Amino acid sequence: MTKTAPGLPDQQPQTDHVRVGLDAIYNWNYDSEIDSLRNLYANALDRQWIALKDLDWSKGIDREKFSQTFSVAGVPLQHTQWWKHLDPEKKWKVASKTTAFLLSNFLHGEQGALMVAGEMVNAVPHMDGKFYAATQTMDEARHVEAFAAYIDLLDEVRPIMPSLKEILDATIGCEGWMHKAVGMQVVVEGLALYSFRDMRNSTREPLLKELLTYVSRDEARHCAYGVKYLNFIISTLSEEMRRELEDFAFEAARLLVASRAGGARESMFEAWREAGLDPMEALTAIRDERETVMRDVPPEGGAAGPIRGFVIPTLKALGLFSERIEGHYRNLFAESMGEERATALQFGWELPEDLEEWVLSG
Ligand SMILES: [Fe+2]
Ligand SMILES: [Fe+2]
């Protein structure tokens, strides 16, 4: 529901409300109970950074490098003749507006993460978990700050994709901290980590690369928090509770697939139109150069996408990918890619052991 927040003066911007559901939990034991989380907290304290000081904002965006290494969802359009022959000003406009749209959704996701990390301080039962969530809250504030500053140099902040908003609402609104951890640390941050890695590897724009390097290091830790904490707890759950978490994860993944299949494309085309590019004309030109485009797309292993390539391996590692739910995922993929391809799909990817090393590689 969109309205002005109660108690705020009229000149406040429009805000959006969603009800938080959680029980705040005290823990009177201050000793460490889950060492791996306490270590992660210590690591987070050691690696704090300041967005406006540690990144070099002085040179702004290198427009040429930015436009030269423009790719959409891992598809390197910059290698086509069509792209090479576009007027440089138009190239910059298309690349900057499209990237502003992608980064805006990263930005809104970061705001969601900021709020959920703050909730986790209240909701998790272990002191180690509360300490860690406090550092994540700080990390997410810095990410919101950094992405907003970069978008400001590019274009303007664009609206959140409805399906991302739905996942964030569901994660903020649900009561259980384990559900929040699955929705945020596993699904939303899994998507973020995978997408940041893709973008970091494809761009040669120095400031964006530096920003994504800093942010990705933090995100690797956030995913590790979810994996370590949930691993500690899931083996103690009843089958009924485990199943409920598994269903919750599936529902969030379903929304991710929906956003990738539908809305994202239309919003991107809108950005192209604003930049003076006819999307249909562009698609035809790209199709004519299919071979050039596909030559640089990594083979199947690298193109699994965030759900098969990262979210599902995480769920598998947590024991939230049973045979029952695998059937649901197959049906989901069948809807977006067709029955035949979905039946042949393998879910063989493993969660990388060292997430930081993985996110900064490739
Ligand atoms: Fe973040
Ligand atoms: Fe995060």
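In which helix does Ala 123 lie? Ala 123 belongs to helix α5, which covers residues 88-123, and this predicted model lets us follow that residue outwards into the rest of the fold.

**The overall fold**

The protein contains 17 helices and two strands, and its C-alpha trace spans about 65 × 55 × 40 Å along the principal axes. For 362 residues, a compact globule would have a radius of gyration near 21 Å, and because the protein has 21 Å, the value agrees with that expectation. Buried residues make up 37% of the 362 residues. Among the contacts with a separation of 6 or more, 81% join residues that are 24 or more positions apart.

**Ala 123 and its helix**

Is Ala 123 buried or exposed? There are 24 other C-beta atoms within 10 Å of Ala 123, and because 20 or more are needed for a residue to count as buried, Ala 123 is buried. When residues up to four places away in sequence are not counted, Ala 123 touches Leu 22, Asp 23, Ala 24, Ile 25, Trp 177 and Lys 180. Pro 159, by comparison, is 36 residues from Ala 123 in sequence, and the two are 29 Å apart in space, C-alpha to C-alpha.

Helix α5 also pairs with helix α6, which covers residues 127-154. Two packed helices are described by the angle between their axes and the distance between the axes. Here the axes of α5 and α6 come within 8 Å and cross at roughly 160°. Angles over 145 degrees count as roughly antiparallel, and therefore α5 and α6 are roughly antiparallel to each other. Their crossing is left-handed.

**The nonpolar cores**

In soluble globular proteins, nonpolar side chains tend to be buried together. The table sets out two separate cores of this model.

| Core | Number of residues | Members include |
|---|---|---|
| Largest nonpolar core | 77 residues | Tyr 150, Val 187, Ala 249, Val 311 |
| Second, separate core | seven residues | Phe 66, Leu 77, Trp 83, Ala 95 |

In the largest core, the four residues named in the table touch the most other members, and the largest share of this core, 14 residues, comes from helix α8, residues 177-202. Which residues is Val 187 in contact with, leaving aside its neighbours within four places in sequence? Val 187 is in contact with Ile 167, Val 182, Ala 249, Ala 252, Ala 253, Leu 256 and Val 311, and of these Ala 249 and Val 311 are also among the residues that touch the most other members of the core.

Key:
Residues numbered from 1 in each chain as written. Chains lettered and ligands numbered in written order. Predicted model: local features only at pLDDT ≥ 70, side-chain atom pairs only at ≥ 80, totals over all residues. Core = buried A, V, L, I, M, F, W, Y, C linked by C-beta atoms within 7 Å. Buried ≥ 20, exposed ≤ 12 C-beta atoms within 10 Å, placed from the backbone. Helix = DSSP H or I, 4+ residues; strand = E, 2+ residues; numbered from the N terminus. Contact = placed C-beta atoms within 7 Å. Rg over C-alpha atoms; globule rule 2.2 N^0.38 Å. Axes fitted to C-alpha atoms, helices over the stretch in contact; angles between N-to-C directions. Parallel < 35°, antiparallel > 145°, perpendicular 65-115°, else oblique. Left-handed = near helix turned anticlockwise from the far one by under 90°.
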